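Please open the structure in a viewer and keep the selection tool at hand. The tour below proceeds from one selection to the next.

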Amino acid sequence: MGAVDQAFIQAQEHRPAKSSSITYAEGIPLIDLSSPDGLVSEIGNACKNWGFFQVVNHGVPLAKRQKLEDSSRKFFGLSSEEKRKIRRTEKQVLGYYDTEHTKNVRDWKEVFDFAAKDPNLVPASPDPHDNELLELHNVWPQYPPELMEASEEYVKELEKLAFKLMELIALSLGLPANRFHSFFRDQTTFVRLNHYPPCPAPDLALGVGRHKDGGALTILFQDDVGGLQVKRKSDGEWVTVKPTPDAYIVNVGDIIQVWSNEAYESVEHRVMVNAEKERYSIPYFFNPAHYTMVEPLEELTNEQSPPKYKTYNWGKFLSTRKLSNFKKLNVENIQISHFRISELADKLEGALSINNN
């Protein structure tokens, strides 16, 4: 990626701290999924207090992850010309991409995206009156030939873990374990292979700028280089998550924040880059069907705790979000705060609503 172009440079207030002043996260829960004692309350406390936690003894075979990690390294080692043969477009949003933006600032990374289900149905446009659907298909490079098989094997294992975690989250909210299952029948889940090359100015740029995940749940593998930072809820400080061998980092997404009526909150996070070392990571974004109408669950609302969000359509929300991957916007991209029931949300409703009313 060479020298740092102006497009990568973060505003002064969002630049990462110099390495000498990095704070490492103390207290991000490390949860052993093989230990049944108190597991539900551990998950509940982690979601409530952090919005992030790590899991070990998660059941995902190490060999399956390593196979995908090795394939990922081989793919990103190809020439730019070769990788761009399967470059994403506005209509084909799966594949390779190297000019992604977060909060309208370019990220110092390159990615390869594939859907967990192929084909994958999503709205053709963000227009609330457009009912046309787009059938997305995964695109695979010729090399490495094992990438497709490694990806498909990995997705099967991560789906089992995702459903297990959603069951524990449901129980922690006082709901039946299978309360969330039906939302994921026609899921829009996708996986991203991330490569962060060494950056000559790690104090000016970010691998991924500050953001919250719009979906339900994210399950992340990061290599031993690290770089993930979480905005600590207690004091708003950016803290670095130290890699734990064979652990997955899990974070609550915006949809769980809405479903739980803010019992659990999605937390801002970002990725720092390194001057000497390249970094690889593999996030799995567990997302519901495109036709899901997201709203606070009836069981978690009452007169004392009324719904805090208007209903919105997940597919249209996702389509709107994807636009910013291809063009720099002049306004903030769509957020769940635009659907929060408040005076501000009411003022913005006309311009920003993507309800299917």
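Which residues does His 211 touch, not counting residues up to four places away in sequence? Before selecting them, note that this is a predicted model. With His 211 selected, display Thr 102, Lys 103, Val 267, Glu 268 and His 269, which are the residues it touches beyond that sequence window.

Remain at His 211 and examine its side chain. A polar atom of this side chain lies 2.8 Å from the backbone oxygen of Gly 209. The side chain of His 211 also makes a polar contact with the side chain of Asp 213, at 3.3 Å. Is His 211 buried or exposed? Its relative accessible area is 17%, and because values under 20% count as buried, His 211 is classed as buried.

His 211 belongs to strand β10, so the strand and its sheet are the next selection. Select β10 (208-211) together with β13 (238-240); these are the edge strands, each pairing on one side only. Adding the strands between them displays an open sheet of 4 strands in the order β10-β15-β12-β13, with antiparallel pairing. On average, neighbouring strands of this sheet are turned by 20 degrees against each other, direction ignored.

Now restrict the view to β12 and β13. Strand β12 covers residues 228-231 and runs antiparallel to β13, to which 3 bridges join it. Lys 231 can be located opposite Trp 238 of β13.

Within β13, select Thr 240. With a relative accessibility of 5%, Thr 240 counts as buried. Its side chain makes a polar contact with the side chain of Gln 229, at 3.0 Å. For a view across the model, add Asp 130: the C-alpha atoms of Thr 240 and Asp 130 are separated by 42 Å, and the two residues are 110 residues apart along the chain.

The final stop is a pair of helices. Select α1 (residues 39-49) and α4 (residues 147-172), which pack with their axes 8 Å apart and at an angle of about 85 degrees. The two helices are therefore roughly perpendicular to each other. To inspect their contact, show the side of α1 formed by Leu 39, Val 40, Ile 43, Gly 44 and Cys 47, which meet Leu 165, Leu 168, Ile 169, Leu 171 and Ser 172 in α4. Colouring this contact by residue class gives 8 nonpolar, 2 polar and no charged residues.

Technical notes: Residues numbered from 1 in each chain as written. Predicted model: local features only at pLDDT ≥ 70, side-chain atom pairs only at ≥ 80, totals over all residues. Heavy atoms only, no water. Pairing = 2+ DSSP bridges. Axes fitted to C-alpha atoms, helices over the stretch in contact; angles between N-to-C directions. Buried < 20%, exposed > 50% of the residue type's maximum accessible area, 1.4 Å probe, protein only. Polar contact = N/O pair within 3.5 Å; in protein donor to acceptor, adjacent residues only side chain to side chain. Contact = heavy atoms within 4.5 Å. Parallel < 35°, antiparallel > 145°, perpendicular 65-115°, else oblique. Nonpolar A, V, L, I, M, F, W, Y, C, P; charged D, E, K, R; others polar.
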